[in-house]
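Reader: I would like to go through this chain term by term. Please set each value against the definition behind it.

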Amino acid sequence: MKGIVFTEFLEMVEEEFGLEVMDNIIESSNLPSNGIYTSIGTYSFAEMQTLVTQLSKQVNIPVNNLLYAFGKFLFNSLKKAHPEVIKMYTDPLNLVNSIEDHIHVHVKKLYPDAKLPFFKVMHKSDETITLVYESGRGLYKLAQGLLEQAFIEFGKTPTIQYELLSQDGTEVKFDIVQNG
């Protein structure tokens, strides 16, 4: 997993829960990296799982809720780092529709060895989009947070429903309706 995900996660933890909580989850996780990450480095996904689990224990918030919040935070971080990508779109449906054909192509240029989730658009209309998320990591709640924040960025309030197509969350169908 790319280091930028780790650095942004720890930034979210510090902003939302404080430096002490961030230090505590790193110390209690016994990580091979010792919790030292660079945005361009690559680290074991198991380290992220450990950090999120430790945070969940520390703050008594379910892992999926933390992943969802992190997705929203990550969208805003990526928007700040790459505003030109967001500015290419006039509405969130087109942004979401272009994840594979444009967004992930851009990410792969920056991080050639990144293992990205796959989003297959099943249906798109003027107000809705249905897509299937596929990832061996099962971070569909993080994806949900990213998707929701994309709509909020454009002043829209989405209604997002999802269906687990595999029980471990590695394949999930999202139905999104654009409101507002």
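Author: One place to begin is α3, where Phe45, Glu47, Met48, Leu51, Val52, Gln54, Leu55 and Ser56 are buried. The model is a predicted one.

Reader: What makes these residues of α3 count as buried?

Author: Buried means under 20% relative accessible area. Phe45 and Leu51 are among the residues of α3 that meet this cut-off, and so are Glu47 and Gln54.

Reader: What covers the buried residues of α3?

Author: The cover includes α1, α2 and α4.

Reader: How do you know that the span of α3 agrees with its number of residues?

Author: The expected span is 1.5 Å times one less than the number of residues. For the 15 residues of α3 this gives 21 Å, and the end C-alpha atoms are 21 Å apart, so the two agree.

Reader: What is found at the start of α3, and what just after α3?

Author: At the start, a side-chain oxygen of Ser44 comes to within 3.1 Å of the backbone nitrogen of Ala46. A polar contact is a pair of N or O atoms within 3.5 Å, so this pair meets the distance cut-off. Just after α3, Asn60 has a positive phi of about 55°.

Reader: Why is the largest set of 44 residues called a nonpolar core?

Author: The term requires buried residues of nonpolar types joined through side-chain atoms within 4.5 Å, and this set of 44 residues therefore qualifies. Phe9, Ile25 and Phe174 have the most contacts inside this core. Elements that each supply at least two of its residues include α1, α3, β2, α8 and β4. The largest share, seven residues, comes from α1.

Reader: Which residues does Phe174 touch, leaving out those up to four places away in sequence?

Author: Among them are Ile129, Leu131, Tyr133, Tyr140, Ala143, Leu147, Ile160 and Tyr162. Phe174 also touches Thr130, Gln144 and Gln161.

Reader: Which residues does the second, separate core include?

Author: This core of eight residues includes Ile86, Leu95, Ile103 and Ala150.

Reader: How do you know that the radius of gyration of the chain agrees with that of a compact globule?

Author: A compact globule of 180 residues would have a radius of gyration near 16 Å; the chain has 16 Å, so the value agrees. The C-alpha atoms fill a box of roughly 50 × 30 × 30 Å along the principal axes.

Reader: How many helices and strands does the chain have?

Author: There are eight helices and four strands. From the N terminus their order is α-α-α-α-α-α-α-β-β-α-β-β.

Key. Residues numbered from 1 in each chain as written. Predicted model: local features only at pLDDT ≥ 70, side-chain atom pairs only at ≥ 80, totals over all residues. Heavy atoms only, no water. Buried < 20%, exposed > 50% of the residue type's maximum accessible area, 1.4 Å probe, protein only. Contact = heavy atoms within 4.5 Å. Polar contact = N/O pair within 3.5 Å; in protein donor to acceptor, adjacent residues only side chain to side chain. Rg over C-alpha atoms; globule rule 2.2 N^0.38 Å.
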